[in-house]
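Reader: I'd like a close look at just one part of this one: the sulfur links. Can you walk me through them, with the cut-offs spelled out as you go?

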Amino acid sequence: ACMDLLQGAPAEPLLEGLQIPLVSTYHSLGIKPWAGGSGRIIMVKRMSHHLQIPPESVPGDACDLFSKLQPPWFGGEGDNPWIDVSGIFVQHRQSYSIVQSLQDAGIPLSKRVLNLGAFDGSCYSEKFYGNFDVANCLVNVGWEGVLFEGSPEYHHEAATRHKDKENVEVVLQLIDPVSLADSLKRRRDQLRDFDLLKIDIDHSECLFLEPVFNTVGLPKVIHAEINPIFPPDLEFVEQFQYPGEVIEGAEADRNRHSKPPYATGCSVGAFLSIMGPRYRLVQVEYEDALFVRSDLAHVFPESRRTPTVLWQLGYFCHPFARIGRDWLMKSGLDFRLLADERKSLDARSNFMAKAFADLKYTRYNLTHSVKT
């Protein structure tokens, strides 16, 4: 039944004469699909194959990576592969692997986390399409920390789950950059020399970096949700919309979830721009990214790669970057153009500016600079 579904799926939009049916993608990868929860198609990777979209389906040689790079490709080779947010087995570093690498290098750890968007407090939740939370995973094995959650329902679940943990505080707060800074000032002792910052609030995540840095310092590791559409050289930032704030003449502002996904959040390039030389990118995990403080980057050899290569490995050349979301098909836009390095950054930026032209309820900044 799954294969019948795939056979009936539309081919991708054309880009410079490129077109590839979905079912060919699956066959080329050597993977078999099966129906997961809620009818979602989950991809199971055969371990003899690398996770990569067929190179002929993207512009230039952007996804001809495994022939050009030396292993390890993802950093987690040798560990048990885990399932990323798209349901595919990958070999990215897990939170436990990151911690182990730091410990093996003799880096002292406080074993404290700050979680912005703790959801229901679980390491893995089956709600929606499944949700891994690296900060909650560490709390579950005895780490301390402060967990913020804006939903009363999910806060209640998280607070109940962690009620017996003496050094874990679950805070009910719909945070914004200003109110977060105020809250953190009262919790400096709880977060002294904390190891991990995790951000996933579905809105302007990169704008919470400076409030954190300025109040409780620079964590060793940052794990954050990103807008993966944009390559690192394009810096996209959705301007933060405070509760109750309405942009004049924009009816849709009353429901920010009416914005198309490509017009929300922050690109990995925006994170890197705000972080500056203080952090290095270690990996992109489909729609999340892992950064490590620069003084610790030597522990993670992958951080020597350019952000563009890490983005290609972790998102752009990921099979679901082409076929995993309905809105990609419905948008009428071919986002592969953004990774076409044969085109100038100005041309690629103008492509997105035109895409945003009709989104009058979206406030954003889109700039570009080369990331090395």
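**The disulfides, one by one**

Author: Let's start in the middle: the S-S torsion of Cys 123 and Cys 137 is about 80°, so that disulfide is right-handed. Cys 123 sits in the loop between strand S5 (112-116) and strand S6 (124-125), while Cys 137 belongs to helix H4 (residues 134-140), so the bond ties together parts 14 residues apart in sequence. Helices (H or I, at least four residues) and strands (E, at least two) are DSSP runs, numbered from the N terminus.

Before going on, a caveat: this is a predicted model, where local features need pLDDT of at least 70 and side-chain atom pairs count only at pLDDT 80 or more, while totals for chains, interfaces and linings use all residues. Residues are numbered from 1 along each chain as its sequence is written, and side-chain values use heavy atoms, leaving out hydrogens and water.

Back to that pair. The sulfurs of Cys 123 and Cys 137 are 1.9 Å apart, and a disulfide here is a pair of cysteine sulfur atoms within 2.5 Å. Cys 123 has a relative accessible area of 17%, so it counts as buried, and Cys 137, at 6%, is buried too. For the record, buried means under 20% relative accessible area, exposed over 50%, and partly exposed in between (1.4 Å probe, protein chains only).

By that sulfur rule you get 3 disulfides. Next up is Cys 63 with Cys 317, whose sulfur atoms lie 2.0 Å apart. The turn about their S-S bond is -95°, a left-handed link. This one connects distant parts of the chain, 254 residues apart: Cys 63 is in the loop between strand S2 (41-45) and strand S3 (82-83), and Cys 317 in the loop between helix H9 (307-316) and helix H10 (319-323). Cys 63 and Cys 317 are both buried.

That leaves Cys 206 and Cys 266, joined at an S to S distance of 2.1 Å. Their S-S torsion is about -70°, so this disulfide is left-handed. Again distant parts of the chain get linked, 60 residues apart: Cys 206 comes from the loop between strand S10 (196-199) and helix H7 (209-216), Cys 266 from the loop between strand S12 (234-238) and helix H8 (268-275). Cys 206 is buried, and Cys 266 is as well.

So how do the links pair up along the chain? Counting bonded cysteines in order, the pattern is 1-6, 2-3, 4-5.
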